[in-house]
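Q: Please take me through the reading of this structure feature by feature, with the general idea before the particular case.

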Amino acid sequence: MTFRFGPFSLDSSTRQLLRGGAEVSLSPKAFQLLLLLVEHRSRALSRDELQQQLWPSTFVLDTNLAGVVSELRRALGDTADSPSFVRTMHRFGYRFIGEVDEADGARDSAEPVMKYWLLWGTTQAALTEGDNIVGRGVDASVWIDAPGVSRHHARIVVRRGEAMLEDLGSKNGTYVGGRRVTTPHRLADGDQVRLGSVVITFRVPQPPGVTETAP
């Protein structure tokens with residue numbers, strides 16, 4: 001789905017914010033916040049609700065959300081005092097107030113849509129189209145709070161049916177199959193990726209077969 005407001009175009013499938021055809025840089029959390037506000041623009045979203053969506057099962061301070069809102073406003077050229085897009089609902093939360101046009105940007109249904117997952121321990125995280133930052137920072141797309149993992153440790157770029165892994169200058173390095181990643185590395189189903197003390201598995205779910213009849 002593509003949402004158009006003011007000079008901007010927000011594409012939920014490619015996870016891009018465009019202005020006049022040029023991409024506007026946003027962190028994964030700022031993009032997710034904008035998408036939430038636009039999709040639920042008929043109402044105000046509370047701070048608690050936004051924090052649950054942005055940092056599920058994680059305690060964060062109110063200043064974390066405020067920082068992401070500030071980043072989003074800078075990207076949109078918006079201000080808190082005289083907002084065109086993001087309005088602060090005092091003592092409650094935020095609401096998107098811009099006029100929005102929607103367009104269905106779905107791809108041809110004949111084109112398969114790949115879904116990728118990261119698994120470690122009892123946790124799994126879905127990867128979305130575009131940039132996925134993996135690390136210990138609260139603004140990471142895939143949050144891993146473990147010793148040896150940098151705030152922005154690695155990036156997995158999902159685009160055109162493939163997933164490319166890059167190290168982001170992490171202190172302890174990123175490894176696939178025991179080899180350190182120094183250039184973008186294309187991930188394959190089942191690859192073991194080590195970040196600090198954590199080993200995660202990259203998975204591409206296979207199409208389900210025929211369901212067997214239960215005895």
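Q: In which loop does R91 lie?
A: This is a predicted model, and in it R91 is placed in the loop between strand 6 (86-89) and strand 7. Its backbone deserves attention, since R91 has a positive phi of about 65 degrees although it is not a glycine.

Q: Is R91 buried or exposed?
A: The cut-off for exposed is over 50% relative accessible area. R91 has a relative accessible area of 86%, so it counts as exposed.

Q: Where is R15, and what is its phi?
A: R15 belongs to the loop between strand 2 and strand 3 (16-19). Phi of R15 is near 55 degrees, again a positive value in a residue other than glycine. As for its surroundings, R15 is partly exposed, with a relative accessible area of 22%.

Q: How many helices and strands does the chain have?
A: The secondary structure comes to 3 helices and 19 strands. The chain has 215 residues, of which 40% count as buried. Among contacts between residues at least 6 apart in sequence, 44% join residues at least 24 apart. The accessible surface of the chain is about 12,500 Å², and 48% of that surface belongs to carbon and sulfur atoms.

Q: How should a sheet be read, and what is the strand order of the open sheet here?
A: In a regular strand the side chains alternate between the two faces of the sheet. Here, 6 strands form an open sheet in the order 10-9-19-18-15-16, with antiparallel pairing. Strand 10 (123-127) and strand 16 (179-180) stand at the edges; each has a single partner strand, so one side of each is left without a neighbour in the sheet. Further in, strand 9 (residues 116-120) pairs with strand 19 (residues 198-203) in the antiparallel sense over 3 bridges. Within that pair, W117 has R203 in strand 19 as its bridge partner.

Q: Which strands pair with strand 11?
A: Strand 11 and strand 13 (residues 154-159) pair in the antiparallel sense over 5 bridges, and G130 stands opposite V158 of strand 13. Strand 11 also runs parallel to strand 12 (residues 142-143), to which 2 bridges join it. In this parallel pairing, G135 stands opposite W143.

Q: Why is strand 11 described as largely enclosed by the rest of the structure?
A: Strand 11 covers residues 130-135, and 5 of its 6 residues are buried, so the rest of the structure largely encloses this strand.

Q: What follows from strand 13 along the pairing?
A: Strand 13 is joined by 6 bridges to strand 14 (residues 162-167), and the two run antiparallel. A154 has D167 in strand 14 as its bridge partner. Strand 13 and strand 14 form a hairpin with 2 residues between them, and R160 in the turn has a positive phi of about 55 degrees. Strand 14 is in turn joined to strand 17 (residues 185-186) by 2 bridges, in the antiparallel sense. There, M164 stands opposite R186.

Q: Which residues of the largest nonpolar core touch the most other members?
A: The core has 30 residues, and those touching the most other members are F5, L10, L17, L34, L76 and F96. Two or more residues each come from strand 1 (2-5), strand 2 (8-11), helix 1 (28-39), helix 2 (47-54), helix 3 (62-76) and strand 7 (93-96). Helix 1 provides the largest share of this core, 8 residues. To follow one member, L76 touches F5, F8, L17, L34, F85 and V86, not counting residues up to four places away in sequence. Apart from this core lies another, of 24 residues, including L118, V149, L195 and V204.

Q: How is a pocket found, and what is the volume of the largest pocket?
A: Rolling a probe the size of a water molecule over the atoms shows where empty space is left. The largest pocket here has a volume of about 580 Å³. It is lined by 24 residues, of which K29, P56, A126, S141 and V142 are the closest to its centre.

Q: Which elements supply at least two residues of that lining?
A: Helix 1, helix 2, strand 10 and strand 12 each do so. Strand 10 gives the most to the lining of the largest pocket, with 5 residues.

Terms used
Residues are numbered from 1 along each chain as its sequence is written. This is a predicted model: local features need pLDDT of at least 70, side-chain atom pairs count only at pLDDT 80 or more; totals for chains, interfaces and linings use all residues. Side-chain values use heavy atoms; hydrogens and water are left out. A nonpolar core is a set of buried Ala, Val, Leu, Ile, Met, Phe, Trp, Tyr and Cys residues joined through side-chain atoms within 4.5 Å. Buried means under 20% relative accessible area, exposed over 50%, partly exposed in between (1.4 Å probe, protein chains only). Helices (H or I, at least four residues) and strands (E, at least two) are DSSP runs, numbered from the N terminus. Contact means heavy atoms within 4.5 Å. Two strands pair if DSSP finds at least two bridges between them. Accessible areas come from the Shrake-Rupley method with a 1.4 Å probe; for residues, only the protein chains shown count as cover. On a 1 Å grid over the protein atoms alone, a cavity is a set of points where a 1.4 Å probe fits but cannot get out, and a pocket is an open set with protein on both sides within 12 Å along at least five of seven lines; lining residues have an atom within 4 Å of a point. Grid points are joined across faces, edges and corners, and a volume is the space filled by probe spheres set on the points.
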